[in-house]
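Trainee: Got a minute to walk me through this one? I'd like to get a feel for it before I set anything up.
Mentor: Sure, pull it up and ask away.

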Amino acid sequence: DLHGNAGTTVKILGSVFGANSISNQEYVGIGLNLLDEGMEYEALMEFALTAAGAVTNESVVELLYTNLVNSAPTNSESAPYLALLEGGMSKGALGVFAADHDLNIANIDLIGLAQTGVEFI
């Protein structure tokens with residue numbers, strides 16, 4: 001069911017580790033397990049960002065932007081997102097915004113995955 005924890009997991013993977021990461025059965029399994037145990041979407045996003053090495057505001061914005069649009073942001077493109085983080089938005093909340101964005105949904109082919117499913121271990 002890609003409307004539940006599986007969908008959340010693949011959206012996080014796509015936005016943080018890139019679209020190809022949704023075929024990493026171990027990563028999918030980790031995400032599903034943590035969500036099934038009660039971890040919230042935003043908390044899992046923070047966990048994934050940290051695992052990817054994105055710990056500064058700048059690295060979070062660059063990573064998410066790059067994975068959504070397939071190129072690194074310019075200073076002017078990253079400025080509004082940095083302002084959100086500097087204004088108090090959590091890295092997890094920005095990550096959830098990116099994960100739920102139409103660009104990420106298209107990049108990971110979430111609609112196609114609903115037909116084929118996603119494998120995990």
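Mentor: Let's go through the core, the polar contacts, the surface and one loop residue, keeping in mind that this is a predicted model.

Trainee: Okay, start inside. Which residues touch the most other members of the largest nonpolar core?
Mentor: That core has 20 residues, and the ones touching the most other members are Ile 12, Val 16, Met 45, Leu 49, Val 60, Leu 64 and Leu 94.

Trainee: And which helices supply at least two residues each?
Mentor: H1, H2, H3, H4 (57–69), H5 (75–86) and H6 each do that. The largest share comes from H3, with 5 residues.

Trainee: Is there a second core, or what else is in there? Which residues does that one include?
Mentor: There's a separate one of 9 residues, and Ala 6, Val 28, Leu 32 and Ile 108 are among them. As a general point, nonpolar side chains in soluble globular proteins tend to be buried together.

Trainee: Zoom in on Val 16 for me. What does Val 16 touch, leaving out residues up to four places away in sequence?
Mentor: Val 16 touches Met 45, Ala 48, Leu 49, Ala 52, Leu 63, Leu 64 and Asn 67.

Trainee: Switching to charges. How many salt bridges does the count come to?
Mentor: The count is 1. Lys 11 pairs with Asp 100, and their closest N and O atoms are 2.7 Å apart.

Trainee: Where do those two sit along the chain?
Mentor: Lys 11 is in helix H1 and Asp 100 is in helix H6 (residues 91–100), so the bridge links distant parts of the chain, 89 residues apart.

Trainee: Buried or exposed, that Lys 11?
Mentor: Lys 11 counts as buried, because its relative accessibility is 15% and the cut-off for buried is under 20%. Asp 100, at 35%, counts as partly exposed.

Trainee: What else is in contact with Lys 11 around there? I keep landing on Asn 104.
Mentor: Good one to land on. Asn 104 sits in helix H7 (residues 102–107) and is buried, with a relative accessible area of 0%. Beyond its neighbours within four places in sequence, Asn 104 contacts Lys 11, Gly 14, Ser 15, Leu 68, Ala 98 and Ala 99.

Trainee: Now the aromatics. How many aromatic pairs does the structure hold?
Mentor: It holds 1. The rings belong to Phe 17 and Tyr 27, with centres 5.2 Å apart and planes at 45 degrees, so the pair is tilted.

Trainee: Which parts does the pair tie together?
Mentor: Phe 17 lies in helix H1 (residues 5–17) and Tyr 27 in helix H2 (residues 25–36), so the pair joins parts 10 residues apart in sequence.

Trainee: Which residues form the nonpolar patch on the surface?
Mentor: Phe 17 and Tyr 27 turn up again there, along with Ile 30 and Phe 47, and together the four have about 350 Å² of accessible area. Phe 17 is partly exposed at 31%, Tyr 27 is partly exposed at 35%, and Phe 47 is partly exposed at 44%. Phe 47 comes from helix H3 (residues 41–51).

Trainee: Last one: what's the phi of Asn 70?
Mentor: Asn 70 has a phi near 65 degrees, a positive value in a residue other than glycine. Most residues other than glycine have a negative phi.

Trainee: And where is Asn 70 placed?
Mentor: Asn 70 is in the loop between H4 and H5, and it is exposed, with a relative accessible area of 63%.

Terms used: Residues are numbered from 1 along each chain as its sequence is written. This is a predicted model: local features need pLDDT of at least 70, side-chain atom pairs count only at pLDDT 80 or more; totals for chains, interfaces and linings use all residues. Side-chain values use heavy atoms; hydrogens and water are left out. Patches are made of residues with over 30% relative accessible area and no salt bridge: like charges are joined within 9 Å, nonpolar side chains (Val, Leu, Ile, Met, Phe, Trp, Tyr) within 5 Å. Accessible areas come from the Shrake-Rupley method with a 1.4 Å probe; for residues, only the protein chains shown count as cover. A salt bridge is a side-chain nitrogen of Lys or Arg within 4 Å of a carboxyl oxygen of Asp or Glu. Helices (H or I, at least four residues) and strands (E, at least two) are DSSP runs, numbered from the N terminus. Buried means under 20% relative accessible area, exposed over 50%, partly exposed in between (1.4 Å probe, protein chains only). Rings of Phe, Tyr and Trp (its six-membered ring) pair if their centres lie within 6.5 Å; planes under 30 degrees apart count as stacked, over 60 as edge-to-face and the rest as tilted. Contact means heavy atoms within 4.5 Å. A nonpolar core is a set of buried Ala, Val, Leu, Ile, Met, Phe, Trp, Tyr and Cys residues joined through side-chain atoms within 4.5 Å.
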